[in-house]
Amino acid sequence: MRANGLIRGVLCGALAGAACGEPAPGGAASETDGSSGTSSGSSTTGSTSTTGEAPTTEVVPTSGSGSGGETTSTSSGTSTSEGSSSTTEALTSSTTTTSTSSTSTTGDTTDGETGTTGGSLDEVLTLQHVQVKGTHNSYHVEPLLPFDASHEYSHAPLDVQLGEQGVRAFELDVHKGISEFEVYHITVIDSSATCTDVPECLGLIRDWSLAHPGHLPIVVWIEIKDSTGGLPIGASDLDALDDTIREVLPPEQLFTPDDLQAGHPSVRAALEADGWPTLAQLRGQIVMVLLNVEDGHADNYTAGYTSLAGRAMFARATPDQFSADWAAIAKLGIDDSEAIADAHAGALLIATNVCGAGEEDADCEAKAAAAKAAGIHMLKDDFPAPVDGMTYFLDFPDGNPARCNPVTAPPECTSVALEDL
C-alpha cells in the first residue's frame, strides 16, 4: 500500500530528504554511510524475512556477478554510501512481505569428535574461518504506509532470528530519545520496530545467548542515525552508549577491543601476531561494532582514529585504515575485490549487504553467490528466510547457521564443527 505523492512530498521536505534520498547512479537510492574519497563497489540495502518450506538452490558464482553492500572508498575523511540496490525511491506499487518463523531450535555445544560442534576443531578454527548470515536493519517492521519499496519488509524478533533463522549478525539503527537510545529507521514514516531501544534489543540477544551458550559469536552492528530522527549524538553520548551496552551485557559475554588486544601493543598487533581467538575462546560471546564512518561519530569514538582502548565496541575500518592500530573489522562492497583481498591478508572480518527489498530474485541470488565466493564473513540481508512471492532468500545449504569460509577456512573445517541448528 502506498501513501500519495503529496503526503510523501510534505514529509520528505520536513525531513530534509533524509527518508527520500535522490537516486544514486544506476537507480539505487542511497542511505549515506560515510567513508573516504574514491568510491569502489556498489550499493545495496536490505529487505525482508519469513520462513517456511521453500526450495534452496546454490547459485554458482560467475565473473562480475553481484554488487556490494555499499559504495566504499579509499581516501580518508570523505563519504561512502550504503543505499538500496536495484530500487528507486519512486512510489511504485509492489507486494509487501512479512516475517514468519520456522520451528527449528538450536542446542548447546557438545564436546566430541572432530566435526561435531564444540569438538576438537574448536581449538583450531577461529572467527575468521566462518561465514554467517546477518540481517540489515534487523529490528525493522514494515510501516502501515510504506513510502518506498525499500521499506516493504518485516523481520522476525531478534531471538527468533537467532534460534529459527540462523542469523548471527545484526544491525541496529540508534537514535537519542528523551531517556533512552531508541531503535528505529526513520522518524514518523518508517519507525516501527520489533524492539524499541538498545537495552530491549540487546536484552533479547543476551537472554537467547545465555540459554544457548555454545553459539558462535554474535556480531551486532550499531549505526548512529541522528540524521533521520532524535536528538544530536555527540562524543559524551557515545560514552553513554558504551555504558548502556555494558549495563546489558556482562563482561564475560561482551568481547571488546581490549579483549582482542590482550597483552599486545594494539589490536592490529594482536591480529598480526595471533589472529582471532579460537572458537573455543569465543563461543557464547557478543561482539559490538560501530558502523559509522561519517558525521564525526567514528572520529569521536576512536579518539581521532587512534585507539579503541576502554571501548565497548569495535569500529568499522575503511580500506585506507586497515593498517590502523584499532582496525579489525570492515564493511565492503561485494565487488571491492582488491579491498576484500587486503582485508583477508590483514585478518580483518568483513561484512557486506546482499539483497534488499525491491530487488529481483536473480540479482539477489547472483550477489549472494558472489559474496559467499569472496569469503565475506557476514552476509547482511533482508531475507534470512523464505517469504511469500519470492524464490530467493539467503540460504546456506551447506551449513546452518554457518558455513566454512571458502577463502580462509582450513581443509578440515566442517559446518557442523562451527555450529549446528
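Here are five short exercises with worked solutions on this structure, which is a predicted model.

**Exercise 1. The chain as a whole**

Find how many helices and strands the chain has, and what share of its residues count as buried.

*Solution.* Let's start with the secondary structure: the chain holds eleven helices and 13 strands. Next comes accessibility: 60% of the 421 residues count as buried. Finally, look at the contacts between residues at least 6 apart in sequence: 76% of them join residues at least 24 apart.

**Exercise 2. Helix α10**

Check whether the span of helix α10 (residues 361-373) agrees with its number of residues, then work out what surrounds the helix.

*Solution.* Step one is the span. Helix α10 has 13 residues, and at 1.5 Å a residue they should span 18 Å. The C-alpha atoms at its two ends are 18 Å apart, so expectation and model agree. (The expected span takes 1.5 Å times one less than the number of residues.)

Step two is burial. Ten of the 13 residues of α10 are buried, so the helix is largely enclosed by the rest of the structure. Among these buried residues are Asp 361, Glu 365, Lys 367 and Lys 372, along with Cys 364 and a run of alanines from Ala 368 to Ala 371.

Step three is the surroundings. The buried residues of α10 pack against four strands: β3 (130-135), β11 (349-353), β12 (378-381) and β13 (402-404). To finish, look just beyond the helix: α10 is followed by Gly 375, which has a positive phi near 75°.

**Exercise 3. A buried aspartate**

Decide whether Asp 242 is buried or exposed, and identify its contacts from further along the chain.

*Solution.* First, place the residue: Asp 242 belongs to helix α4 (residues 235-248). Its relative accessibility is 4%, so Asp 242 counts as buried; the cut-off is under 20%. Now set aside the neighbours within four places in sequence: Asp 242 is then in contact with Tyr 301, Gly 310, Arg 311, Ala 312 and Met 313. Take Met 313 as an example: Asp 242 and Met 313 are 71 residues apart in sequence, yet their C-alpha atoms are 7.5 Å apart.

**Exercise 4. An aromatic cluster**

Classify the ring pairs that Phe 314 makes with Phe 255 and with Trp 276.

*Solution.* A search of the whole structure gives four aromatic pairs. Begin with Phe 255 and Phe 314: their ring centres are 6.3 Å apart and their planes meet at 20°, so this pair is stacked. Phe 255 sits in strand β7 (residues 254-255) and Phe 314 in strand β9 (residues 314-317), so the pair links distant parts of the chain, 59 residues apart. Both Phe 255 and Phe 314 are buried.

Now turn to Trp 276 and Phe 314. With ring centres 6.1 Å apart and planes at 45°, this pair is tilted. Trp 276 lies in the loop between α6 (267-274) and α7 (279-282) while Phe 314 is in strand β9, so the pair ties together parts 38 residues apart in sequence. Trp 276 and Phe 314 are both buried. Putting the steps together, Phe 255, Trp 276 and Phe 314 form one aromatic cluster.

**Exercise 5. An internal cavity**

Describe the volume and lining of the second largest cavity.

*Solution.* Start with the count: there are two cavities of 30 Å³ or more. The second largest has a volume of about 80 Å³. Its lining includes Leu 127, Val 130, Arg 168, Leu 349, His 377 and Met 378. Sorted by type, the lining residues comprise eight nonpolar, one polar and one charged.

Technical notes
Residues are numbered from 1 along each chain as its sequence is written. This is a predicted model: local features need pLDDT of at least 70, side-chain atom pairs count only at pLDDT 80 or more; totals for chains, interfaces and linings use all residues. Side-chain values use heavy atoms; hydrogens and water are left out. On a 1 Å grid over the protein atoms alone, a cavity is a set of points where a 1.4 Å probe fits but cannot get out, and a pocket is an open set with protein on both sides within 12 Å along at least five of seven lines; lining residues have an atom within 4 Å of a point. Grid points are joined across faces, edges and corners, and a volume is the space filled by probe spheres set on the points. Ala, Val, Leu, Ile, Met, Phe, Trp, Tyr, Cys and Pro count as nonpolar, Asp, Glu, Lys and Arg as charged, and the others, Gly among them, as polar. Buried means under 20% relative accessible area, exposed over 50%, partly exposed in between (1.4 Å probe, protein chains only). Contact means heavy atoms within 4.5 Å. Rings of Phe, Tyr and Trp (its six-membered ring) pair if their centres lie within 6.5 Å; planes under 30 degrees apart count as stacked, over 60 as edge-to-face and the rest as tilted.
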